[in-house]
Amino acid sequence: MDTEITDSLFARIARGEIPVTVVYEDEHVLAFPDISPQAPVHILVIPKRPVRNVLTLSAADGEMAGHLLLACAEVARRMGIEADGCRVVLNAGKAGGQTVPYLHAHVLGGRDLAWPPG
Ligand code: 5GP
C-alpha cells in the first residue's frame, strides 16, 4: 500500500489516531465535520479501508463505494438537509482539487449551492 495514502491525515483519522466529532460511523465508513466548512453543513465521509480516490477504485471496491454513497445519504438525513437537498462531491487528483490523498466524500448543504463550481 502506498504510504502517501496510509500516512495521510484521513488515514490517521480512520485509524482513530486523531480524534474527530463523529457524525456517523459503521464498519466501513466514518463521517466527521470538515475543519473549514464551505456551507452551514459540510461533512466528510471516508472509508476505513485506505483508497486514494474514486479514480483508483477497482471492481473489488464496489461494495465499499456503494456503502460510502449510502452513508452520505444517511449523513444528510442526520444533519437535517435531506428535504432541501445537498451536494456530494468527490474531488480526485490535482485538477480535481483533491488536497488529501485518501478517498473522501464532501456532503455540503444548508444553503443554495452555485453551479458550476469555480
Ligand atoms: P479535498 O480538497 O482533498 O477534496 O478536501 C480536503 C478537505 O479536508 C478540505 O475541505 C479541508 O478543509 C479538510 N481538512 C483539512 N485538514 C483537516 C483536518 O485536520 N480536519 C478536518 N476535519 N478536515 C480537514
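**Exercise 1. Place Pro116 along the chain, then describe the peptide bond that joins Trp115 and Pro116.**

Start with the strand: Pro116 belongs to the segment after strand E5 (105-109). Keep in mind that you're looking at a predicted model. Next, check the bond itself: Trp115 and Pro116 are joined by a cis peptide bond, with omega at about 0°. For background, most peptide bonds are trans.

**Exercise 2. Find the aromatic pair and work out whether the rings count as stacked, tilted or edge-to-face.**

Begin with the count, which is one aromatic pair. The partners are Phe10 and Phe32, and their ring centres sit 5.8 Å apart. That passes, because the centres have to lie within 6.5 Å. Now take the angle: the planes are 75° apart, so the pair is edge-to-face, given that this class needs over 60 degrees. Last step, locate the partners: Phe10 is in helix H2 and Phe32 in strand E2, 22 residues apart, so the pair links distant parts of the chain.

**Exercise 3. Describe the surroundings of the ligand, from its pocket down to single atoms.**

First, the site: the ligand sits in the second largest pocket.

Then look at who's around. There are 15 residues, and Asp34, Asn91, Thr99, His104 and His106 come nearest. Sorted by class, the shell has seven nonpolar, seven polar and one charged residues. Helix H2 (9-14) and strand E2 (29-33) each give the shell at least two residues.

Now go atom by atom:

- A backbone N or O atom of Pro33 is 2.9 Å from a ligand nitrogen.
- A polar backbone atom of Ile35 lies 3.2 Å from a nitrogen atom of the ligand.
- His106 uses a polar side-chain atom, 2.8 Å from a ligand oxygen.

Finish with coverage: on its own the ligand has 510 Å² of accessible area, and the protein covers 78% of that.

Note on methods. Residues numbered from 1 in each chain as written. Predicted model: local features only at pLDDT ≥ 70, side-chain atom pairs only at ≥ 80, totals over all residues. Heavy atoms only, no water. Near = heavy atom within 4 Å. Polar contact = N/O pair within 3.5 Å; in protein donor to acceptor, adjacent residues only side chain to side chain. Areas by Shrake-Rupley, 256 points an atom, 1.4 Å probe, with all protein chains shown as cover. 1 Å grid on protein atoms, 1.4 Å probe; cavity = no way out; pocket = protein on both sides within 12 Å on 5 of 7 lines; lining within 4 Å. Sits in = over half its atoms within 2 Å of the grid points. Helix = DSSP H or I, 4+ residues; strand = E, 2+ residues; numbered from the N terminus. Nonpolar A, V, L, I, M, F, W, Y, C, P; charged D, E, K, R; others polar. Phe/Tyr/Trp six-rings, centres within 6.5 Å; stacked < 30°, edge-to-face > 60°.
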